[in-house]
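Here is a quick walk through the structure for anyone who wants to get their bearings at the bench. Have the viewer open and follow along.

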Amino acid sequence: HVLYTSIARAEHDNPATVAADHRRTEAALIESGVPYTMLRNSPYTQLVLMGIETMLATGTLLDNNGYGATAYVTREDCAAVAAEVLAHGGHQGAILEVTGPRAHTQVDIAALISEFSGVPVRYLPISDEATVADLVAAGMGEPEARSFATIGKAIRDGYTNVVTDTVERITGQPPTSVAEFLEARLAGRWPSGRQRITDRRAFRPA
């Protein structure tokens, strides 16, 4: 029984570069006759902290996601789903979309970062080319930067906005929300940020 970690909505001509590899791998597993479960993880919540220091220094969240929404899910919740399926079996032949409890736009993310850090942050969408240039300037190779930028197009095109009950149905625990994640990571780190920290079994803040 093979558990394969894929990405959200991999079969729907998802424009993210990595989706093509996932589609081919999923198809190979299906054709192999080996029992399988596809775990299509939504983008990880940890990605919302990418460039957080720059965000807080400039008061601006820049990326090419536009106003598409993403049902961010923590790596810990994804791992919990995989562990349950590995430990208890079942779900053979299933394609499970593993998501957080709500789909957020980057406007929402900027507002939550502002709330829990105490630093006003606004979202400013930028083009794919500007995203590539920024990533290259930050030290990423251009091929990798161009591949990464296609994720923004997938988000704009609606490939990450699906919300499911997979995490709670399989683990018995609700998925960690983006608000809970950011509160645990940001509250109290800046003088004006909120102080209360949420204690959740499914999320172990660093």
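## Salt bridges between α5 and α6

D128 and R156 form a salt bridge, with 2.8 Å between their closest N and O atoms. D128 sits in helix α5 (residues 128-137) and R156 in helix α6 (residues 142-156), so this pair ties together parts that are 28 residues apart in sequence. Keep in mind while you look that this is a predicted model. As for solvent, D128 is partly exposed, at a relative accessible area of 26%, and R156 is partly exposed too, at 36%.

The residue after D128 in the numbering has a partner as well: E129 makes a salt bridge with R146, at 2.9 Å from N to O. Here again the link runs from helix α5, which holds E129, to helix α6, which holds R146, and the two residues are 17 apart. E129 is partly exposed, with a relative accessible area of 48%. R146 also counts as partly exposed, at 35% relative accessibility.

## A buried pair and its network

Now for a pair on the inside. R40 and E26 meet through their side chains in a salt bridge of 2.6 Å, N to O. R40 belongs to strand β2 (residues 36-41) and E26 to helix α1 (residues 17-32), so to speak a link between distant parts of the chain, 14 residues apart. Are these two buried or exposed? Both R40 and E26 turn out to be buried.

The R40 and E26 pair doesn't stand alone: E11, E26, R40 and E97 are joined in a network of salt bridges. Over the whole model, the count of salt bridges is 9.

## The three-stranded sheet

Strand β2, home of R40, is part of an open sheet of 3 strands. The order in that sheet is β1-β2-β4, and the pairing is parallel. The edges are taken by β1 (2-7) and β4 (94-98); each has a single partner strand, so one side of each has no neighbour in the sheet. On average, neighbouring strands are turned by 20° against each other, direction ignored.

Zooming in, β1 and β2 pair in the parallel sense over 6 bridges. R40 shows up here again, as the residue in β2 that stands opposite S6.

Two helices go with this sheet. Helix α1 packs on it and touches β1 and β2, its direction making about 155° with that of β1. Helix α3 (residues 75-88) lies across β1, β2 and β4, and runs at about 170° to β2.

## Nonpolar cores

Which residues have the most contacts inside the largest nonpolar core? They are I113 and L182, in a core of 19 residues. Helices α2 (52-58), α4 (106-117) and α8 (178-186) each supply at least two residues of this core, and the largest share, 5 residues, comes from α4.

L182 is a handy residue to click on. Setting aside neighbours within four places in sequence, L182 is in contact with V48, L49, L112, I113, F116 and A187. Apart from this core lies another one, of 11 residues, with C78, V81, V85 and V98 among them.

## Two spots worth a click: S114 and L62

S114 is found in helix α4. At 18% relative accessibility, S114 counts as buried. A polar atom of the S114 side chain lies 2.7 Å from the backbone nitrogen of V121. Not counting residues up to four places away in sequence, S114 touches V119, P120 and V121.

L62 lies in strand β3 (residues 60-63). With 42% relative accessibility, L62 counts as partly exposed. What does L62 touch, not counting residues up to four places away in sequence? The answer is L124 and I126. You can also use A110 as a landmark: the C-alpha atoms of L62 and A110 are separated by 9.9 Å, with the two residues 48 apart along the chain.

Notes: Residues numbered from 1 in each chain as written. Predicted model: local features only at pLDDT ≥ 70, side-chain atom pairs only at ≥ 80, totals over all residues. Heavy atoms only, no water. Salt bridge = Lys/Arg side-chain N within 4 Å of Asp/Glu carboxyl O. Helix = DSSP H or I, 4+ residues; strand = E, 2+ residues; numbered from the N terminus. Buried < 20%, exposed > 50% of the residue type's maximum accessible area, 1.4 Å probe, protein only. Core = buried A, V, L, I, M, F, W, Y, C linked by side-chain atoms within 4.5 Å. Contact = heavy atoms within 4.5 Å. Pairing = 2+ DSSP bridges. Axes fitted to C-alpha atoms, helices over the stretch in contact; angles between N-to-C directions. Polar contact = N/O pair within 3.5 Å; in protein donor to acceptor, adjacent residues only side chain to side chain.
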